[in-house]
Amino acid sequence: MVDAEEFIEETVAEIAERVGEERALIALSGGVDSSTAAALAYEALGDRLTPVYVDTGLMRAGETDSVRETFAHVDSLRVVDARDRFLDVLSGVTDPEEKRHAIGEQFIREFETVADEVDATYLVQGTIYPDRIESEGSIKAHHNVGGLPERVGFDGIVEPMRDLYKDEVREVARSLDLSVSERMPFPGPGLAVRVLGEVTEEKLAVARDATAVVEAELEADDPWQAFAAVLGKATGVKGDNRVHGWVVAVRSVESRDGMTARAQELDWETLQRIQSRITGENETVARVVYDVTHKPPATIEYE
Ligand code: XMP
């Protein structure tokens, strides 16, 4: 485990030295990795750092507000509302890797627009050790690692946390007093990989609301990650009517770094409370199922 105070001091000095008098950009996702990298870079560069948060519409409930709050003191923060554009490029796309690709491409376009306006020569990224391993093994096209630097063209890439594991990043985030330090990991392509098949506003809304319920109800069980995914439709009964409603899967896993994971053993009352909230709070959900599969053979996310 790193010594957080020492790491912060050394890393801030390193970033300041590397970037010198130049300007830098960072893509913020609202998660602990990019927020921590941004906080370190902001200490080193002040307003010569422009954090860019692209609201893709694929994020968790309240994410945009949470980013504004965490970086309220950073005048250079840019929030880009790109929700409609992401829905457009995802329209009709059903293949998981094609979805990731479409999201990655659109993300780069959004980022490029800001990069053109700000004369930045450095890119700061919140890449951590397990990201590099998964990316090198090309298990998935993690869009926060691939593509961006080559396409936008920077003189240098700064990855201050490239050798840290997630629990070490949290330790650093705690030392920096970041309110997001304990947040569960969230995939770059967001809710798009938590709705099977085509991404629609309706499915996104179900996945977003149900994920908020699952995260809140399971916080005390301290999982590595807990969320809901929209699988498809099935028959149910609501009131006196048979309905064809969404099937929502609840997933909660324990892990150290996301590379392997165990499905969490939850008690029946907890599961029933989650089920009754999700079906009760959303008219269009007919069924809730609990995923008991470890990784391997399953992945954590559904796509
Ligand atoms: P899987 O689903 O591959 O997930 O078992 C392992 C960890 O990585 C996250 N994940 C992603 N993160 N871009 C990301 O930034 C992605 O495309 C992506 N896919 C999965 C996942 O949430 C889990 O923590």
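Which residues have the most contacts inside the largest nonpolar core? I'll start there, and then go to the ligand. Keep in mind that this is a predicted model.

The largest nonpolar core has 45 residues. Leu25, Leu58, Phe111, Val214 and Ile278 have the most contacts inside it. As for secondary structure, the helices that give two or more residues to this core are α4 (83-90), α5 (96-117), α7 (148-152), α9 (201-218) and α10 (268-281). The strands that do so are β2 (49-55), β6 (225-238) and β7 (241-254). Domain 1 (4-175) and domain 2 (200-290) each supply at least three residues to this core. As general background, nonpolar side chains in soluble globular proteins tend to be buried together.

Now the ligand. It is surrounded by 15 residues, and the closest are Arg100, Gln225, Lys295, Ile300 and Glu301. By type, the shell divides into five nonpolar, six polar and four charged residues.

Where does the ligand lie with respect to the domains? It lies between domain 1 (4-175) and domain 2 (200-290), because both give residues to the shell around it.

Next, the polar contacts, each to an oxygen atom of the ligand. For Lys295, a polar side-chain atom is 2.6 Å from such an oxygen. For Gln225, an N or O atom of the side chain is 2.7 Å away from one. Ile300 uses its backbone instead: an N or O atom there lies 2.7 Å from a ligand oxygen. As for cover, the ligand on its own has 490 Å² of accessible area, and the protein covers 93% of that.

That is the core and the ligand site. I'll take questions.

Notes: Residues numbered from 1 in each chain as written. Predicted model: local features only at pLDDT ≥ 70, side-chain atom pairs only at ≥ 80, totals over all residues. Heavy atoms only, no water. Near = heavy atom within 4 Å. Polar contact = N/O pair within 3.5 Å; in protein donor to acceptor, adjacent residues only side chain to side chain. Areas by Shrake-Rupley, 256 points an atom, 1.4 Å probe, with all protein chains shown as cover. Nonpolar A, V, L, I, M, F, W, Y, C, P; charged D, E, K, R; others polar. Domains from an automatic or database assignment. Core = buried A, V, L, I, M, F, W, Y, C linked by side-chain atoms within 4.5 Å. Buried < 20%, exposed > 50% of the residue type's maximum accessible area, 1.4 Å probe, protein only. Helix = DSSP H or I, 4+ residues; strand = E, 2+ residues; numbered from the N terminus.
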